[in-house]
Amino acid sequence: MSTFTAFYTAWSDQLQQLLRQLCSAPKPPTTQDHLHHLNHLVNKVLSHYAEYYRVKAAAAERDVLDIFAAPWASAFEKSLHWIAGWRPTTVFHLVYTESSILFESHIVDILRGVRTGDLGDLSPTQFRRVSELQCETVKEENAITDELSEWQQSVSDLMGATPDVDKMIERLVTVVRKADDLRLRTLKRVVDLLTPQQVLEFLIAAVELQQGIREWGMNQDRECNY
């Protein structure tokens, strides 16, 4: 087991503990103590993701190909990867999906003018800002994808020659670093657009999706190994 694989296993267990804390938080927060507790939890979750990317960046410097191979992930998780991790625009699909589900469940109240304050009650301004951020993220995502494609093409062009392997690997490390930076930045910027209650619901949905995919994938791998 690699050092990063061991780290990821422990990190994922800690994320599950944070999920339980998020699920037990008062919803909606109705007092200043509730808000303080929720803000503390949100910061813990974001710091936990930041720590993951910090350690991953160091691991990529040591062996970026191992990061792409992702031995800590299930086959199903790997099938969903974009440059050694989740696609940043997935965040927006999650916001829209959760918003639609909650909107439909509260549609009678909403039509009566009752504000629920949850993800199903995003304001026009929030929708506009989320849409603008999505467009920005798509452009950055595409630019990084193009950079990886250029790297792959450069490897093909060098076949038969004497390539500067160290320089090629260094370029690949840079691509991974840019992808991870976009992932973390997108997560934080979406959180900044939401109210405390909406942030709580969004983070619960995001962690449940990540952990659910991991659990299902690991179960599939175990069944295939029998």
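1. Secondary structure. This predicted model has 8 helices and 0 strands. Read from the N terminus, the order of elements is α-α-α-α-α-α-α-α. Of the protein's 226 residues, 40% count as buried.

2. Helix α2. This helix covers residues 32-69, and its end C-alpha atoms are only 46 Å apart, whereas a straight helix of 38 residues would span 56 Å at 1.5 Å a residue. α2 also has a kink of about 120°, centred on Asp63. Just after α2 comes Ala70, with a positive phi near 45°. Anyone drawing α2 as a straight rod should look at Asp63, where the kink is centred.

3. The core. The largest nonpolar core holds 62 residues. Phe4, Tyr49, Ile67, Ile83, Val190, Phe202 and Leu203 have the most contacts inside it. Two or more residues each come from α1 (3-24), α2, α4 (90-105), α6 (124-158), α7 (165-193) and α8 (196-225). The most come from α2, which gives 13 residues. As a general matter, nonpolar side chains tend to be buried together in soluble globular proteins.

4. The loop between α3 and α4. Ile83 lies in this loop, and so does Ala84. Phi of Ile83 is positive, near 50°, and that of Ala84 is positive too, at about 65°. Neither value is from a glycine: Ile83 is a residue of another kind, as is Ala84. For background, most residues other than glycine have a negative phi. Ile83 counts as buried because its relative accessible area is 7%, under the 20% cut-off. Ala84 is buried for the same reason, with a relative accessible area of 6%. Ile83 is also among the residues with the most contacts inside the largest nonpolar core.

5. The loop between α1 and α2. Pro28 lies here. The peptide bond that joins Lys27 and Pro28 is cis, with omega about 0°. In general, most peptide bonds are trans.

6. A nonpolar surface patch. Phe76, Leu80 and Trp216 make a nonpolar patch of about 290 Å² on the surface. Phe76 belongs to helix α3, residues 75-79. Is Phe76 buried or partly exposed? Phe76 counts as partly exposed, because its relative accessibility is 30%.

7. Places to inspect in the model. The backbone points raised above are the kink centred on Asp63, the positive phi of Ala70, the cis bond between Lys27 and Pro28, and the positive phi values of Ile83 and Ala84.

Definitions and conventions. Residues numbered from 1 in each chain as written. Predicted model: local features only at pLDDT ≥ 70, side-chain atom pairs only at ≥ 80, totals over all residues. Heavy atoms only, no water. Helix = DSSP H or I, 4+ residues; strand = E, 2+ residues; numbered from the N terminus. Expected span 1.5 Å × (residues − 1). Bend = angle between axes of the 7 residues up to and from the residue. Patch = residues over 30% accessible without salt bridge, like charges linked within 9 Å, V, L, I, M, F, W, Y side chains within 5 Å. Areas by Shrake-Rupley, 256 points an atom, 1.4 Å probe, with all protein chains shown as cover. Salt bridge = Lys/Arg side-chain N within 4 Å of Asp/Glu carboxyl O. Buried < 20%, exposed > 50% of the residue type's maximum accessible area, 1.4 Å probe, protein only. Core = buried A, V, L, I, M, F, W, Y, C linked by side-chain atoms within 4.5 Å.
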